[in-house]
Amino acid sequence: MEKQKKLKKLAITILLEIVGIIVLYFILNYAQTRLSVQRQYENSMLKLDIAQQRMTSHVLEAEQNLYRYDVFSQAKVNVLSYFYSRNPDLEASISKMASQWELNYLYILDDTDHHLISSNQAVGPDFEENPELLTLLENREPVTIGDTRYYTSRIISEDQVIVAGRECSTLMAQQAELTSPKYSLNTIRVGTTGFIMAVDLSDSTIAYHKDAALQNQPVDTLGIKEAVLKDGYNGWITCGDTSYYSCSRASKDYLYVTMVPASEITATNRQMVLLGIAVFALVISLIVIYMFFIQTDQQQIKSGRSGFLNIGGKHYFNRTIWKKVSHVVWIGTAAIFCIAFYVESLAALSKQSAKSNAKMSDIQEIFVENEDKLQMLTEEYNAEYIRRAQNIAYLLKQDPALQEDEQLAKLAKRAQIDSIYIFDENGQTVHTNTVYKDFKLSNNERDSSYVFQDVIKGYKDVMLQEAKPEENSDGSYTQYVGVARMDAPGMVEIGLSPQMLAERLQSTTMEYILKNIAVENQGYAFAIDKETQKIVYFPDEKYIERDAAELGIKENALGDGYSGYQMINNQKCFVFSQEYNGAYIFVAAPVSAVTNGRLTMAVLVAVTSFLLLLGISALSMIVKKEDDEFETVTEAVPIPIQELDEESTWAQKTPEQKIKQVLFGFMGAVGIIMVIYFNFMKNSYDQNSILSYILYQKWEKMPSIFSFTYIGIVLIQIIVVTTVIRKLLTLFSNGMGPRVKTIERLINSAIKYLSIIGAIFYCISFLGIDSSTLLASAGILTLIVGLGIQSLVSDVVAGIFIVFEGEFRVGDIVTIGDFRGIVREIGMRSTKIEDLAQNIKIFNNSNISGVVNMTRKFSYSYIDVGIDYNESLERVESILDKELPKVKGKIPEITDGPFYKGVVSLGDSSVVIRILAKCNEIDRAGLARSLNREIKLIFDRNHINIPFPQVVINQPTATTVATPKQKKEAAAFVQEQKEASKDLHVTENQEN
């Protein structure tokens, strides 16, 4: 019946544990999701800001591109109008001129009635009937018709106008690409795998989606409800079978919607929640097992009525067990909080690591794309500059009169170039629009003009020189282009400002790219020059061109692939770097922003777990009892936790020892799994994960969560390996005799201390401490020791070994020499022992030897009792057989027994027998007196005579037998006196 009750109680407790786990799962899942969503909301809004900025910037860039294209094209038309105003009879050469100037359409019109005078086309358009061309003539502004962009310029000497059409399909395609949402959004990564979708507000079609097949499709194709497609929405949306967390923002033309897969948010959340559940389940399981050990342990004494609190009817709350379990609840809660805080920190940094790696990939991709873009634009502009120089040379051949200085100035102005030089075959200036009329190309190869000798000598037809600062100028750049003359030997050279190209290439610069990079968690990107260690770009412009050290960047961070902590602008940041094109590119995120919310989450986990642990444990303490179950039970006292003893059997261990052994067994199993996983399954985890980051020591050697995690992993592996080796040695030495056992103990001790010392010196290097320096310091310390502080060091070393060996601990009763007392303090240099008279003796640790620890195992208290020779020994033993089991219930200090140990001696007038019981050392003296009392009462009840020396003068009077009331009062008195004097051990122990 009792067994069924225990099993039923255990089943109910396990059911409560399962319910608690389910409740905790929903609470943690909700809280973790809220935290992740809040973080994602902040990051999504940041990405939306970047998206709008990019769109605005790219639209402006497209407008500037068109402006520059128009400037180039208009310059061509202006030069041609100037040429035809000087050469009206060369209209027949209009087709050749159009081909030379790369114009698809070239018309000369009457400026009054707009009738066509000359054209490079067989049939020209009717300008009066074409409203777009008519608008061109009226407003003198470029217009685009189909794939052609038209320009006009008036021929000054005649009442005529020239109209040129230039095919611009490539430009229009570039403009369309540049102003498209795809161009701005395809490199914006939201989270790790998310993106931004754009919806065209004019027709509700998808302007951009990561899946190219969905672009230009109606937004209804995604199955998104219309209610969520509005400005300012944030929440969950479902597209097909996939759920996304989304935030939206509307602009003039588009609605931008961030799309982060729910799996990305919930994947980490699920891991965090399951880990929290696992830790909680472990703690509550240990508590349940501990309660089960207490309730079923044979040494546990039942509590009397005062050990239970009546909560209604026949239901009682077990206060005795609760006193023990409540401590475990607090310890378990503290462990849960520490683990939750650690895991939240590591998870946050892991997410940031993944995002930073992804961001580095994005930056690398953008840089590669911009290299192609830079090359394309440079080639495009260089070709334009070369063509312009060739066109000038062609005009000079067609109209030699243009070579006059005054005419060159007008021509340069219309062509929008700074200078024109005409050189003869000797490199001497013939004509120019500048003041350098006598300039001659240098024959010194060190001079910048020397390279143009190749054109003069006919080695090359074209020479385009890189832009260089103009001498005697304000630092502005000029680029020179030389082409062979078409009318005579020599060269035509034009000089122009590359400002337009520089402005056009502005969007390809490193500064521009990094400025438009959005890094999660209030992060940012910046760059440092590899050679000069100057800051190329930083969000705060005051740091640009300053040394990296002024920003707080340490020299160890200036390398490719660095990752770790850096104090940047007085703010601790988690930093990643990579080398690119002579610079170190950094992605930094403030640690405070990355780990924001970890304390709140850890507190929530701890508080929730504490309440559940408290509730489950408290409900498990409720029992149903009948009144008669309290009849013969007295109060139980807590049993102190004894040190684990390898020689003790499982049945001999206390509940505390058992639960400690269970915990050690679990930790050992986890350690073995970790050793196998980290050493034999390295390819099973993501090499870009935070685990790989830690295990491959990619972090900076300094005190941080990464170094402490790695040290923990190393220590666990060392402990597991050394423990396995020591256990194997012990198994091997069992039964091999004392000599082998002695050698085994020596080897075990050597392995233990060598592993500790080796682990310490190995692990401190991961904290940024140079172990070689430490050893050198140890050498210096040895020298100091030799100069007079040997005793101090000896005491400290002895104290360390006392702690590691665990020979005794605070609270133990020990004997050192002839001094016996309780250990009150173990210091690095001395140990304090308090005797039973509360005198404290201080021992130097190096002087402690021959320690007798009386609390390592249970003690024994015994009494010797004499019985009359006339008494039947068998009768006495039969009575003791029935009475001794009752004694344990009356004396709670007994942990096992009492036992009858037989006849000790045959005295002069009595047969001496011994009664023995197991107890704690501190209870030994008091227990002997309690045993004496109980044995006397047993002998009295059973009329067993205890002999004593006597002289008979007369017959003794008959004694009065105590009444039941007196017996009850006597028992109460004894119990009251014991309770009142339980802390007064001095007299009791001295008497014993």
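**Tour: a helix crossing, then a hairpin and its neighbour**

Select Tyr342, Ser345, Leu346 and Leu349 in helix α7, then add Ile705, Phe706 and Thr709 in helix α17: these two sets of residues meet. By class, the contact of α7 with α17 holds 5 nonpolar residues, 2 polar ones and no charged ones. Keep in mind that this is a predicted model.

Now show both helices whole. Select residues 319-398 for α7 and residues 705-733 for α17. Two packed helices are described by the angle between their axes and the distance between the axes. Here the axes come within 11 Å and cross at roughly 115°. The crossing of α7 past α17 is left-handed.

Next stop: the strands. Select residues 148-155, which make up strand β4. Is β4 largely enclosed, and why? Of its 8 residues, 7 are buried, so the rest of the structure largely encloses this strand. Buried here means under 20% relative accessible area.

Add residues 143-145, strand β3. β3 pairs with β4 in the antiparallel sense, over 3 bridges. To see one of them, pick Val143 and its bridge partner in β4, Tyr150. Then look at the turn. β3 and β4 form a hairpin, with 2 residues between them. Click Gly146 in that turn: its phi is positive, about 65°.

Last, add residues 160-167, strand β5. β4 and β5 run antiparallel and are joined by 8 bridges. Pick Thr152 and look across to Val163, its bridge partner in β5. While stepping along the strands, recall that in a regular strand the side chains alternate between the two faces of the sheet.

Methods. Residues numbered from 1 in each chain as written. Predicted model: local features only at pLDDT ≥ 70, side-chain atom pairs only at ≥ 80, totals over all residues. Heavy atoms only, no water. Buried < 20%, exposed > 50% of the residue type's maximum accessible area, 1.4 Å probe, protein only. Helix = DSSP H or I, 4+ residues; strand = E, 2+ residues; numbered from the N terminus. Pairing = 2+ DSSP bridges. Axes fitted to C-alpha atoms, helices over the stretch in contact; angles between N-to-C directions. Left-handed = near helix turned anticlockwise from the far one by under 90°. Contact = heavy atoms within 4.5 Å. Nonpolar A, V, L, I, M, F, W, Y, C, P; charged D, E, K, R; others polar.
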